[in-house]
Amino acid sequence: MTQGSETPVRARHRRFIPARPSGQRPALQRLRDEWLVNPSANLLSGLVVALALIPEAISFSIIAGVDPRVGLYASFSIAIIIAFSGGRPGMISAATGAMALVIVPLVEQHGLGHLFAATILAGVIQVGLGRLGVGSLMRFVPRTVMVGFVNALAILIFLAQVPHILLSDHTDKGALGLNLAFIAAGLAIIYGFPKVTTVVPSPLVAIVVLAGAAMAFDLHLPTVGDMGALPDSLPGLSLPDIPWTLETLRVILPFSITLAFVGLLESLLTAQLLDDLTDTGSDKNVESRGQGVANIATGFLGGMAGCAMIGQSIINHRSGGRTRLSTLASGVFLLVLILALGDLVARIPMAALVAVMVMVSVSTFDWASIHPRNLRIMPRTETAVMASTVGIVILTHNLAYGVGCGVILSAVFFVRNVSHLVQVTSVVDPDNVERLYAVSGQLFFASTNDLVHAFDYDAVKVKRVEIDVSEARIWDTSAVVAIDAVVARFAQRGIEAELVGLNRHAARLHSNTTDSLTPSH
């Protein structure tokens, strides 16, 4: 027996190990990829994000009409939980402005207890939608809507910084020049420091340098502490203080549904953006369920509903954050900063954080989308969709409205284009006994009018026609009614019309609905 050969017994007992699907990774490999790659960069990136989260969480609390602690509790709890339960590594979730706008009427009319209950119910709805596979709906969001979403968000981020740039709400207008100088210095560090080294994220360097200068020289500039008081204790688990009745459910259900859909829309769009930036994939259904789990826990911890934050996610990405560790670090550092280092954090000048957010705004905006050369070659309908998405978001300050309008507008343009692709050709057989018609294209409600008027009824001189629809796709009952209308028009002229080439789906649809619906043509 030659070396390396197998005995029949050994061959018979050799185990067969099936090949692992290409998209499936071993548990240890997945753990390493999602948590342990370049930990130092991800920890530092999480620190940068945590510092930027503080004033934003306070601002969103003010928008919602609640204590700053509500937004801060929500931000660190959602960030920590989503690090484990989410489907997109490196994405930052916390309290957001879009969610804050939704809950304003609820807080004004019913108070904090109803807010916490609505947050919990919104989380339950998100978990249910994730189980139903809502993440797969992302494929129906066109690229132009995504571009409009990103551009609108970049504009909103910048507009949110304008009051801090111009000191609109600050009594000491003499500090305007110094404030502008600090912002300019921060931007210079953010864009210049990477040319020296990329070991430490440049936004973190800018925050530390500007904060150190302001404290060392006792400069009177607006600070993080001016935005609101920071909490000094951990939140506790508790049930919302509400009457557990159907009337309460009737009050919170509309808000919960809106929160669930707005949160998922922003989260899934942000996940898609990070997929494109990192050239990696993510599980949108897991992300949907993860957002729900985070909101449920946050409601019991006394926080407001939240979702993914595209601005903070971009900061995380630009600072080197790629793994779940960066997301977890942002929540943990936020907790440490507001509890252990609250007095120090409160003295950080807002100019330092404004510089970071201006950088985020500039880097988020898709400048190629408004380049004159690209605008000339893009179809006008796509430009209209992008502009409409941006315009509605800026007017309403609600990303969901803009994206929803963009998707609907894209669908309308698509239907209009497809509806005009119906073609009808005809030939007369050599014996001049019948005329053969061939129909091709998509037959549905928007194309039926073109179909009915595509036949030259009065020009037919034979007694029989054959209509072949084997190259057409019949989608709905409107198409069936239109086909029957064509047959009826030939019959009115004493011409027999035979329909051929129906596939199984079309034949079943036609047999179930023909003669039971009235043609409207």
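## Strands E4 and E5

Start with one pair of residues in this predicted model: Ser440 has Glu471, in strand E5, as its bridge partner. That pair belongs to a longer row of contacts, as nine bridges join E4 to E5, and the two strands run parallel.

E4 has a second partner, strand E3 (residues 423-428), and here the pairing is antiparallel, with six bridges. You can find one of these bridges by looking for Val427, whose partner in E4 is Leu436. E3 and E4 make a hairpin with five residues between them. While you're in that turn, look at Asn432: its phi is positive, at about 55 degrees.

## On to strand E6

E5 also pairs with strand E6 (residues 496-500); these two run parallel and are joined by five bridges. Want two examples to click on? Arg464 has Glu496 as its bridge partner in E6, and Val465 has Ala497.

To get from strand to strand, follow the chain through helix H20 (residues 477-492): E5, H20 and E6 together make a right-handed β-α-β unit.

## A cavity beside these strands

The search of the whole structure turns up two cavities of 30 Å³ or more. The second largest has a volume of about 40 Å³. Its lining consists of Val439, Leu443, Leu451, Phe455, Ile467, Val469, Ile483, Val486 and Leu499. Some of the elements we've just met come back here: strand E4 (434-443), E5 and H20 each give two or more residues to that lining.

What classes do the lining residues of the second largest cavity fall into? Nine are nonpolar, with no polar and no charged residues.

## The largest cavity

The largest cavity has a volume of about 50 Å³. Among the residues lining it are Ile82, Ala83, Met91, Glu287, Arg324 and Thr327. Helix H4 (68-85) and helix H13 (324-339) are the elements that each give two or more residues to this lining.

The mix of classes goes like this: four nonpolar, four polar and three charged residues line the largest cavity.

## The largest pocket

Now for the open spaces. The largest pocket has a volume of about 1,000 Å³. It is lined by 41 residues, and the closest to its centre are Ser59, Phe60, Ile63, Ala160 and Gln161. Five helices give two or more residues each to the lining: H3 (39-64), H5 (97-110), H7 (143-166), H12 (310-318) and H15 (350-364).

Which helix gives the most to the lining of the largest pocket? That's H7, with eight residues. Sorted by class, the pocket lining has 24 nonpolar, 13 polar and four charged residues.

## A closer look at helix H7

H7 is worth following from end to end. The helix has 24 residues and reaches 35 Å from its first C-alpha to its last, close to the 34 Å expected at 1.5 Å a residue.

Where does H7 bend? The bend is at Ala160, by about 25 degrees, and a proline, Pro163, follows within four residues. Ala160 may ring a bell: it's one of the residues closest to the centre of the largest pocket. Just after the helix comes Leu167, with a positive phi of about 55 degrees.

Conventions:
Residues are numbered from 1 along each chain as its sequence is written. This is a predicted model: local features need pLDDT of at least 70, side-chain atom pairs count only at pLDDT 80 or more; totals for chains, interfaces and linings use all residues. Side-chain values use heavy atoms; hydrogens and water are left out. On a 1 Å grid over the protein atoms alone, a cavity is a set of points where a 1.4 Å probe fits but cannot get out, and a pocket is an open set with protein on both sides within 12 Å along at least five of seven lines; lining residues have an atom within 4 Å of a point. Grid points are joined across faces, edges and corners, and a volume is the space filled by probe spheres set on the points. Ala, Val, Leu, Ile, Met, Phe, Trp, Tyr, Cys and Pro count as nonpolar, Asp, Glu, Lys and Arg as charged, and the others, Gly among them, as polar. Two strands pair if DSSP finds at least two bridges between them. A crossover is right-handed if, with the strands pointing away from the viewer, the path from the first strand over the helix to the second runs clockwise. The expected span of a helix is 1.5 Å times one less than its number of residues. The bend at a residue is the angle between axes fitted to the seven residues ending there and the seven starting there.
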